[in-house]
Amino acid sequence: MRSLAVPTAWGAVAVAYRLTCPLARDDALGARLVSSAVLCAVGTGIVLHFRRHMLREVRHARRIAEAAQSVLLRPPPPRVEGLAVAAVHLSADRGARIGGDLYEVTATEHGVRAVIGDVRGHGLGAVRAGAAVLGSF
């Protein structure tokens, strides 16, 4: 509901201008140009408000995706049972923040175990499947 406050205010300004300003009722070219500029400014304000709101939502979703991905793709220790270990995650899609990539290295009583994988799909479904694989590993 809060996201409607600014567009409603801009709309009220446009209606008040149209009803109270003498220029809004004048048929002269200059008056029409001023009225058009005012309405254009109101429309631009509404568009910019919604754009800012949507960008905020996208940034929030990206932060959540990065947090979920960082839980699955923790950096491995530099050494495991004498083995040097390193990993890096590079997404093929520049904008991708979350997916089904997975890796883990751990020492067990039977030796060092490692898993590297990429489950089929993208998004939360792939994250669930990757988490299940790592959980069973």
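This section describes a helical span, a charged patch, a strand pair and a salt bridge in a predicted model.

The UniProt record, an unreviewed entry, places a transmembrane region at residues 28–50. In the model, this span is 96% helix and 0% strand. The C-alpha atoms at the two ends of residues 28–50 are separated by 33 Å. Helix α3 covers residues 29–72 and contains Arg63. Arg63 also belongs to a positive surface patch, together with Arg51, Arg52, Arg56, Arg59 and Arg62.

Further along the chain, strand β3 comprises residues 99–108 and strand β4 comprises residues 111–122. The two strands pair in the antiparallel sense, with 9 bridges between them. The connection from β3 to β4 is a hairpin of 2 residues. Within this pairing, Glu104 is positioned opposite Val115 of β4.

Glu104 also takes part in a salt bridge with the side chain of Arg74, at an N to O distance of 3.1 Å. This distance falls within the 4 Å cut-off applied to a side-chain nitrogen of Lys or Arg and a carboxyl oxygen of Asp or Glu. Under this criterion, the count is 1 salt bridge. Arg74 is located in the loop between α3 and β1 (79–80), whereas Glu104 is located in strand β3, so the contact ties together parts that lie 30 residues apart in sequence.

Conventions
Residues are numbered from 1 along each chain as its sequence is written. This is a predicted model: local features need pLDDT of at least 70, side-chain atom pairs count only at pLDDT 80 or more; totals for chains, interfaces and linings use all residues. Side-chain values use heavy atoms; hydrogens and water are left out. UniProt positions are given in the numbering used here, feature names are shortened, and annotations may be inferred rather than shown by experiment. Helices (H or I, at least four residues) and strands (E, at least two) are DSSP runs, numbered from the N terminus. Patches are made of residues with over 30% relative accessible area and no salt bridge: like charges are joined within 9 Å, nonpolar side chains (Val, Leu, Ile, Met, Phe, Trp, Tyr) within 5 Å. Accessible areas come from the Shrake-Rupley method with a 1.4 Å probe; for residues, only the protein chains shown count as cover. Lys and Arg count as positive and Asp and Glu as negative; His and the chain ends are not counted. The place of a charge is taken as NZ of Lys, CZ of Arg, CG of Asp or CD of Glu. Two strands pair if DSSP finds at least two bridges between them.
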